[in-house]
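Colleague: Could you walk me through a few spots in this model? I'd like to start with a single residue and then move on to how the helices pack.

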Amino acid sequence: MAGRKVILPLFIFVFAASATFGQTEVFKNVVNNLAFYKQKKDVKYLAGAKKSVDSLIKTHADSIDLAKNVYKAVVYSSIAYIDSTNKLKQPATFFDQQVCKLYDKLAANKRIYKYQPEMDFSRHCIANVYLRQGFTFMHLSDYHNAIQSFQSAKKYSPEFKELNAYIAYANNRLGNTLDAAHYYTELLKTDSTRGQYIEAASNTYKAIGDTSKALQVLQKGRKHLPGDNFLLLDEANIYNNRKDYHALAPLLPQLLDQNTNSAEVAFIAANCYDHLNNFDKAESLYLRSVELNGSLYEPVYNLGILYFREGIAKHGDDAKNDISRAGQWLERASDMAPNDVKCLQLLQMVYTRAGDQAQIDKINSKLKLLTNQ
């Protein structure tokens with residue numbers, strides 16, 4: 001039951017000036033340069049916007065002017081996000097010391113609500129820069145710094161829930177499974193999560209031994225994605241490993257329908273019905289598993305046990321027929337795994353039941369060699 005890789009997409013925001021922009025002649029050059037960049041995608045217009053907005057801040061009064069600083073934040077954050085190769089030759093401290101600090105200072109202003117669209121645009125640009133840094137660190141397998149970058153992106157864009165997936169993924173790569181589980185839990189609180197995140201969360205909880213939490217994650221996930229085969233297989237595997245066959249049984253019709261050519265799934269279903277004493281379904285599905293993959297040992301061996309158990313419970317010709325079939329399947333299993341002592345011991349019991357002394361002697365010789373008795 002193979003897993004899937006977590007997809008890490010980049011989210012992109014497009015600048016759109018609000019009605020506040022362009023209301024005054026003072027900011028005309030700034031707005032025009034931003035508009036020209038939007039049309040022509042040439043960073044020289046961002047340089048022009050920066051030059052224009054910087055020219056507006058000359059005195060102390062200018063430096064505390066809210067509107068001018070909001071324009072500055074929009075221009076500076078645009079450059080930080082768009083000019084990723086630094087064609088405009090900004091200093092190394094430009095993003096941290098000028099862009100982020102300016103935004104944080106503005107965000108603390110009580111009157112900043114008047115410029116919410118501009119502030120939203122700036123914080124989205126900042127979040128994107130941190131996100132880009134995070135992916136760069138991920139590419140270098142520097143997961144510690146990747147986590148720090150993603151955490152910073154989350155500070156500026158907390159509504160972007162998929163950041164929890166990136167933080168969880170990086171923590172998983174570092175072996176911080178408890179931290180990864182925490183962030184996957186945060187991610188899964190939304191109703192519109194992805195199947196690969198649910199599966200990753202389940203795998204994380206299983207890694208720390210919390211299969212109950214893994215089941216909760218899968219059950220919630222399957223309510224939103226009822227047709228997801230990976231999640232169905234994952235839940236079925238947990239029940240099968242726990243030997244909780246009563247919980248597994250309701251999943252089997254869908255499981256078999258979605259995995260018609262899987263010998264492994266047919267075997268899991270057969271084994272479940274076997275433990276629930278449903279002979280007909282167990283027999284049919286063991287046979288299907290063998291038909292799909294004749295090299296699997298378990299369904300062949302289990303068929304031998306199934307027929308032997310049935311033969312013991314019956315009388316007369318029916319018992320003989322089942323005992324005979326048990327011998328045939330267990331002989332086949334023994335050929336596949338000649339050193340399996342348990343299989344040979346079962347064959348010993350089968351031939352004792354059938355009264356076949358020649359076969360009993362043959363099995364006894366094999367067992368003597370294997371057990372050194």
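Modeller: Let me begin with Asn240, which is buried at a relative accessible area of 17%, where buried means under 20% with a 1.4 Å probe and protein chains only. This is a predicted model, in which local features need pLDDT of at least 70 and side-chain atom pairs count only at pLDDT 80 or more, while totals for chains, interfaces and linings use all residues. Residues are numbered from 1 along each chain as its sequence is written, and side-chain values use heavy atoms, with hydrogens and water left out.

Colleague: Which helix holds Asn240, and what is Asn240 in contact with?

Modeller: Asn240 sits in helix α12, residues 229-242, helices being DSSP runs of H or I with at least four residues, numbered from the N terminus. Setting aside neighbours within four places in sequence, Asn240 is in contact with Tyr245, Leu248, Ile268 and Asn271, contact meaning heavy atoms within 4.5 Å.

Colleague: Switching to packing, how do the axes of α1 and α4 cross?

Modeller: The axes of α1 (residues 28-40) and α4 (residues 66-82) come within 11 Å and cross at roughly 25°; axes here are lines fitted to C-alpha atoms over the stretch in contact, with angles from 0 to 180 degrees between N-to-C directions. The two helices are therefore roughly parallel to each other, a label for angles under 35 degrees. Val30, Val31, Leu34 and Tyr37 of α1 make the contact with Tyr71, Val74, Val75 and Ile82 of α4.

Colleague: And what about α4 and α5?

Modeller: The axes of α4 and α5 (residues 94-107) come within 10 Å and cross at roughly 140°. That makes α4 oblique to α5, oblique being what remains once angles under 35, over 145 and from 65 to 115 degrees are taken out. On the α4 side the contact includes Leu66, Asn69 and Lys72, and on the α5 side Phe94, Phe95 and Gln98 are among the residues.

Colleague: Last topic: how far apart are the end C-alpha atoms of α8, and which of its residues are buried?

Modeller: For the twelve residues of α8 (residues 163-174), 1.5 Å a residue gives an expected span of 16 Å, and the end C-alpha atoms are 17 Å apart, which agrees; the expected span is 1.5 Å times one less than the number of residues. Leu163, Asn164, Ala165, Tyr166, Ile167, Ala168, Ala170 and Asn171 are buried in α8, and their cover includes α6 (116-139), α7 (143-156), α9 (177-187) and α10 (195-207).

Colleague: What follows α8?

Modeller: Gly175 follows α8, with a positive phi near 85°.

Notes: Buried < 20%, exposed > 50% of the residue type's maximum accessible area, 1.4 Å probe, protein only.
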